[in-house]
Amino acid sequence: MRSIHVFHGSLALTLALTLGLTACDRRGQGESGDLSPQTGASNPAPDDTADLPSDTATVAPPAASTAMQPAGARLNPADESFIAQASQANETEIATTALGMSRGSAKTQELSRMLNGDHVALRDRMTELSPNRELSEGTAPADLNDLPDEAFEGKLLATYRTQHEQAIRAFTDASNDPTLSEPLRGLASETLPTLKSHLQAVTNAQGSE
């Protein structure tokens, strides 16, 4: 009987040692994600898709700028000088045509409206190229205002002719001026046909008086 008790005691001791070693071995496996080395508690393996902490979150690069360069930024001093002079002359023509739209014969008023529309469009083109330029209001020649109706129309047409001859010379020179930038030379070249057609219309009106 004593030998049986000793056998059972040895067997129990062996089982206890085996279980203890197994537990230690499992705790050592915490590095692989099965158990925590400190507590032996379940420790899930890191998830590569888990959200990053807020302080290490990936920041998307800023979007590429789509802001366009201001039109006036490409103009040089010679460009600005030409635009200032051409703009002032153009404003004088706009004021003159506005006066012509209110006086004279029906044909002269119609001619004045056509000229006015094109010169207002030219103002807009120059403003696009030089948006920060201060625009001074033009005034019609004072001698036109003082004329009676019967003399007004002839003087108005003569004024139109002089203004357009001067504008054609200025824009012809500008179209060939190497000191001006390409946008300004292009504007001058594109405007010349309109100015020449204006001069022809004025000349025709003078011939029909």
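**Salt bridges, cores and two buried polar residues**

A search of the whole structure, which is a predicted model, finds six salt bridges. I shall present three of them, then turn to the nonpolar cores, and close with two individual residues.

As general background, side chains of opposite charge can pair when their charged atoms come close.

Let me begin with R103. Its salt-bridge partner is D149, and the closest N and O atoms of the two are 2.8 Å apart. Which parts of the chain does this pair tie together? R103 belongs to the loop between α2 and α3, while D149 belongs to helix α5, so the salt bridge ties together parts that are 46 residues apart in sequence. The two partners also fall into separate classes of accessibility. R103 has a relative accessibility of 17% and counts as buried, because the limit for that class is under 20%. D149, in contrast, has a relative accessible area of 58% and is exposed, since exposed residues are those over 50%.

The second pair is E190 and R125, whose side chains meet in a salt bridge at 3.0 Å, N to O. Here, too, distant parts of the chain are linked: E190 is in helix α6 and R125 in helix α3, 65 residues apart. With 34% relative accessibility, R125 counts as partly exposed.

The third pair consists of D143 and K155, with 3.6 Å between the closest N and O atoms of the salt bridge. D143 sits in helix α4, residues 142–145, and K155 in helix α5, so this salt bridge ties together parts that are 12 residues apart in sequence. Are these two partners buried or exposed, or do they lie in between? D143 is partly exposed at 37% relative accessibility, and K155 is partly exposed as well, with a relative accessible area of 34%.

I now move to the nonpolar interior. The largest nonpolar core has 18 residues, and those that touch the most other members are F82, I83, M126, L129, F171 and L184. Which elements give two or more residues to this core? They are α2, α3 (106–129), α5 (149–175) and α6 (182–207). The largest share comes from α6, which supplies six residues. Helices α3 and α6 have already appeared in this talk, as the hosts of R125 and E190.

I83 deserves a closer look. Setting aside neighbours within four places in sequence, I83 is in contact with L75, M126, L129, S130, R133 and L184. Apart from this core lies another, of 11 residues, which include A140, F152, L156 and L157.

Finally, I come to the two individual residues, E91 and S112. E91 is placed in helix α2, residues 77–100. Is E91 buried or exposed? With a relative accessible area of 4%, E91 is buried. Beyond residues up to four places away in sequence, E91 touches R123, L135, S136 and G138.

S112 is found in helix α3 and is likewise buried, with a relative accessible area of 0%. What does S112 touch, once residues up to four places away in sequence are not counted? The contacts are T97, G100, M101, L156 and Y160. One of these, L156, is also among the residues of the 11-residue core. The C-alpha atoms of S112 and S102 are separated by 9.0 Å, the two residues being 10 apart along the chain.

Definitions and conventions. Residues numbered from 1 in each chain as written. Predicted model: local features only at pLDDT ≥ 70, side-chain atom pairs only at ≥ 80, totals over all residues. Heavy atoms only, no water. Helix = DSSP H or I, 4+ residues; strand = E, 2+ residues; numbered from the N terminus. Buried < 20%, exposed > 50% of the residue type's maximum accessible area, 1.4 Å probe, protein only. Contact = heavy atoms within 4.5 Å. Core = buried A, V, L, I, M, F, W, Y, C linked by side-chain atoms within 4.5 Å. Salt bridge = Lys/Arg side-chain N within 4 Å of Asp/Glu carboxyl O.
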